[in-house]
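I set down here, in order, what I looked up in this structure. The entries run from one loop residue to the whole chain, then to a strand and a helix pair.

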Amino acid sequence: MSPEAAGILTLAIYLLVVLVIVIYQAVHLTDGWRAWILFAIARVYAPGFWGIKRNRRCPFPGDSAAIIIANHRSPTDPIILWYNSHLGNPKKKKRCISFLMAREYYERPGLVGWIARAMHSIPVDRNGQDVAPVREALRHLKQGNLLGVFPEGGIQEGRPITHANSGIAFLALRSQAPVYPVYINNSPGGESMVKPFYTPAEASVVYGDPIDLSAYYDCKHTREVLEEVTTLMMWKLAELGETEYLGAPRPDLDEQLIQMPADSRRSAN
């Protein structure tokens, strides 16, 4: 065999091995092959096109339930939160963050809808009358999955955190899952839902410590309690972005927020 033929054969073997590994990972990923394809694309595209930096390794747990809350300034925010999330846990386990999102975007044909379905997002009606999404979110948490929520609702402008829906407090108290705040800086914007995906940016994420709300677990879920818990969480999120929460005055976080140790992990009940 000539050296040229040997080189071509060696390259072919390497490519075959890579292909087998890719197919194996895609087939065995719990969240399905579409999620793996999205993950593979995002791992190259997101840092290369949006230059994403972070303040530390992602603290999300690798095999237990958690709620991730973040500010929302771009349709790319779910990808920015998710693509790097496996690196923080010891097992480096890849798994989706199932985001609550508006049904009209979930069902939309094309890129945005495909990404939403690949990530096992949970569609929510904007009128807030359907309780099915809440039940689905609690089911995800009970199974030990990650749930992503943008408490402000739709995409907002500016750095301050706008008024948040107290439904996030209900999910946190009912599931008893730890809440991880993440502030996203400079995610790409645009005039449509698709343009941000091909708009260069210099984005960054600031991961906060998990918030333990166990002091509220035995409280009745009254409107006042839910609003208080929401305010605590949103101010903690705002602090990560060195900004403010416009929904309510700032409480004394040092006295009212109980921080969990960094290595603490709690599964939803």
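I took helices (H or I, at least four residues) and strands (E, at least two) as DSSP runs, numbered from the N terminus. The model is predicted, so local features need pLDDT of at least 70 and side-chain atom pairs count only at pLDDT 80 or more, while totals for chains, interfaces and linings use all residues. Residues are numbered from 1 along each chain as its sequence is written, and side-chain values use heavy atoms, with hydrogens and water left out.

Entry 1, a loop residue. I located threonine 30 in the loop between α1 (3-28) and α2 (33-50). Threonine 30 is exposed, at a relative accessible area of 71%; exposed means over 50%, buried under 20%, and partly exposed in between (1.4 Å probe, protein chains only). I then checked lysine 93, which lies 63 residues away along the chain, and found 10.0 Å between its C-alpha atom and that of threonine 30.

Entry 2, the chain. I counted 9 helices and 9 strands. Of the 269 residues, 48% are buried. The accessible surface is about 13600 Å², and carbon and sulfur atoms account for 56% of this area; the areas come from the Shrake-Rupley method with a 1.4 Å probe, and for residues only the protein chains shown count as cover.

Entry 3, strand β7. I asked which strands pair with β7 (residues 204-207), where pairing requires that DSSP finds at least two bridges between two strands. Strand β1 (residues 53-54) runs parallel to β7 and is joined to it by 2 bridges, with lysine 53 partnered by serine 204. Strand β6 (residues 179-185) is antiparallel to β7, over 4 bridges; here tyrosine 183 has valine 206 as its partner. In a regular strand the side chains alternate between the two faces of the sheet. I found both faces of β7 covered: Ser204 and Val206 are buried on one side, Val205 and Tyr207 on the other.

Entry 4, helices α7 and α8. Two packed helices are described by the angle between their axes and the distance between the axes. For α7 (residues 167-175) and α8 (residues 223-240) I noted an angle of about 95° and axes 8 Å apart. The two helices are therefore roughly perpendicular, a class that spans 65 to 115 degrees. On the α7 side Ile168, Ala169, Phe170 and Leu173 take part, and they meet Val225, Leu226, Val229, Thr230 and Met233 of α8; contact means heavy atoms within 4.5 Å. By class, I recorded 8 nonpolar residues, 1 polar and no charged in this contact.

Technical notes
Axes are lines fitted to C-alpha atoms, for helices over the stretch in contact, and angles run from 0 to 180 degrees between N-to-C directions. Angles under 35 degrees count as roughly parallel, over 145 as roughly antiparallel, 65 to 115 as roughly perpendicular and the rest as oblique. Ala, Val, Leu, Ile, Met, Phe, Trp, Tyr, Cys and Pro count as nonpolar, Asp, Glu, Lys and Arg as charged, and the others, Gly among them, as polar.
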